[in-house]
Amino acid sequence: MIRRLLAVALFVTSLSLHAQPSLPSSLHAKTIHTPQGPDIFVRYGGSGPVALLLHGYAENSDSWAPLAADLMKDHTVVVPDLLGIGRSSKPADGYDKKIQAQEMRFVVTSLGYDKTFVIAHDIGNMVAYAYAAQFPDKTLKLVVMDAPIPGIGPWDQIRLTPGTWHFNFHGPDAERLVAGRERIYFDRIWNDFSASPTLPDEATRNFFAATYAVPGGMRAGFAQFAAFSQDAKDNLVFAQTKLIMPVMAVGGEKSFGPLQAQIMREVATNVQREVVIGSGHWLMEEKPAETVALIRKFIDTP
């Protein structure tokens with residue numbers, strides 16, 4: 001464990017020399033047209049057991065750079081941009097996480113893969129849970145990091161707290177207010193949920209803000225939140241059958257902490273709790289070496 005942590009730390013240090021987060025250039029890139037209609041941009045590569053990585057809001061798939069580079073040594077990684085984010089299409093609707101999970105499943109099978117580890121952060125958690133609930137026999141293990149699940153556990157308290165104001169900030173007027181000020185909007189979110197206001201760093205913030213500043217980008221991003229009411233209804237149905245695959249629930253010490261495991265124990269029978277000391281919400285930016293080591297230990301343990 002210590003040897004792997006040191007190796008990952010050295011690799012992450014080398015990544016910090018880059019101007020922005022970036023998935024390994026050796027990955028293949030493809031745009032997949034799904035039966036639901038949208039096009040999903042995905043990067044994939046490596047060899048061995050397959051890991052599907054689902055990113056969160058205020059980021060895109062490049063946020064997985066430290067983990068993807070480490071996993072590719074002995075795993076295949078599938079790293080899509082979620083619907084409406086990055087280089088995936090930005091339709092007017094279809095942001096229900098149940099539907100997005102079906103799109104992710106189509107991406108996996110279109111690439112010729114079947115069973116996968118599913119690893120997620122933030123809104124990616126919500127898609128990942130819907131994926132595991134709909135395709136339990138195709139989900140080897142599930143990792144969810146630092147975000148609630150609509151309709152599950154203390155969801156109502158979370159969505160109504162002032163700290164999650166952005167959950168309820170969407171619609172045409174919100175789009176007009178943020179247009180041209182995307183970086184200001186995202187700075188508020190990054191700062192509020194980070195253990196340190198210096199992370200994510202400037203290059204990372206500029207890069208991610210630019211990915212949402214494209215035409216339709218903020219509208220699509222807001223649509224992820226607008227779908228929460230439907231997501232809650234769908235999850236209450238999913239929760240009637242608990243997940244039985246191993247689940248690791250990871251919280252940043254300065255963010256969700258042990259609450260992540262509490263939430264997942266509402267919907268799964270085999271939940272391992274982990275808290276990343278010193279980290280806020282942005283685990284890949286704040287504590288990448290520690291987080292990668294936790295994930296590797298979990299998925300590599302028989």
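User: Does Lys-233 count as buried or exposed?
Analyst: This is a predicted model, and in it Lys-233 lies in helix 10. The cut-off for exposed is a relative accessible area over 50%. Lys-233 has 55% relative accessibility, so it counts as exposed.

User: How far apart are the C-alpha atoms of Lys-233 and Gly-151?
Analyst: Along the chain, Lys-233 and Gly-151 are 82 residues apart. In space, the separation of their C-alpha atoms is 6.8 Å.

User: Which residues of helix 10 are buried?
Analyst: Helix 10 spans residues 228-238. What covers its buried residues includes helix 3, helix 4, helix 5 and helix 9. The buried residues are Phe-228, Asp-231, Ala-232, Asp-234, Asn-235 and Phe-238.

User: Are helix 9 and helix 10 parallel or oblique to each other?
Analyst: Helix 9 covers residues 217-226, and its axis passes 6 Å from that of helix 10. The two pack at an angle of about 40°. Angles under 35 degrees count as roughly parallel. Helix 9 and helix 10 are therefore oblique.

User: Which residues of helix 10 meet helix 9, and what is the make-up of the contact by class?
Analyst: From helix 9, the residues in contact are Gln-224, Phe-225 and Ala-226. They meet Phe-228, Ser-229 and Asp-231 in helix 10. By class, this contact of helix 9 with helix 10 has 3 nonpolar, 2 polar and 1 charged residues.

User: How are helix 3 and helix 4 oriented to each other?
Analyst: Helix 3 runs over residues 97-110 and helix 4 over 123-134. Their axes are 8 Å apart, and the packing angle is about 70°. The range for roughly perpendicular is 65 to 115 degrees. Helix 3 and helix 4 are therefore roughly perpendicular.

User: Which residues make the contact of helix 3 with helix 4, and how many are nonpolar, polar and charged?
Analyst: Helix 3 contributes Lys-97, Lys-98, Gln-100, Ala-101, Gln-102, Met-104, Arg-105 and Val-108. Helix 4 contributes Ile-123, Met-126, Val-127, Ala-130, Tyr-131 and Gln-134. By class, the contact of helix 3 with helix 4 has 8 nonpolar, 3 polar and 3 charged residues.

User: Which residues of helix 3 are buried, and which residue with positive phi follows the helix?
Analyst: Helix 3 has 14 residues and reaches 20 Å from its first C-alpha to its last, close to the 20 Å expected. Its buried residues are Lys-97, Gln-100, Ala-101, Glu-103, Met-104, Arg-105, Val-107 and Val-108. After helix 3 comes a residue with phi near 90°, Gly-112.

User: How many residues of helix 13 are buried?
Analyst: Helix 13, residues 288-300, reaches 18 Å from first to last C-alpha, close to the 18 Å expected at 1.5 Å a residue. Among its buried residues are Pro-288, Val-292, Leu-294, Arg-296 and Ile-299. Helix 13 is largely enclosed by the rest of the structure, because the buried residues number 10 of the 13.

User: Where is Ala-58 found, and is it buried or exposed?
Analyst: Ala-58 has a positive phi of about 70° although it is not a glycine. Its place is the loop between strand 3 (50-54) and helix 2 (65-71). With a relative accessible area of 0%, Ala-58 is buried.

User: What is the phi of Asp-122, and does this residue count as buried or exposed?
Analyst: Asp-122 is in the loop between strand 5 (116-121) and helix 4. Its phi is positive, about 60°, although Asp-122 is not a glycine. At 12% relative accessibility, Asp-122 counts as buried.

User: Which peptide bond is cis?
Analyst: Pro-200 is placed in the loop between helix 7 (182-192) and helix 8 (202-212). The bond leading into Pro-200 has omega near -5°. The cis bond is the one from Leu-199 to Pro-200.

User: What separates the C-alpha atoms of Leu-160 and Ser-47?
Analyst: Leu-160 is in helix 5 (residues 155-160). Leu-160 is exposed, with a relative accessible area of 59%. Leu-160 and Ser-47 are 113 residues apart along the chain, and their C-alpha atoms are separated by 43 Å.

User: Over which residues is the pLDDT below 50?
Analyst: The chain averages a pLDDT of 95, and 94% of the residues score at least 70. The stretch with pLDDT below 50 has 16 contacts in the model beyond near neighbours in sequence. This stretch is residues 5-18.

Note on methods:
Residues numbered from 1 in each chain as written. Predicted model: local features only at pLDDT ≥ 70, side-chain atom pairs only at ≥ 80, totals over all residues. Heavy atoms only, no water. Axes fitted to C-alpha atoms, helices over the stretch in contact; angles between N-to-C directions. Helix = DSSP H or I, 4+ residues; strand = E, 2+ residues; numbered from the N terminus. Parallel < 35°, antiparallel > 145°, perpendicular 65-115°, else oblique. Contact = heavy atoms within 4.5 Å. Nonpolar A, V, L, I, M, F, W, Y, C, P; charged D, E, K, R; others polar. Buried < 20%, exposed > 50% of the residue type's maximum accessible area, 1.4 Å probe, protein only. Expected span 1.5 Å × (residues − 1). pLDDT = per-residue confidence, 0-100.
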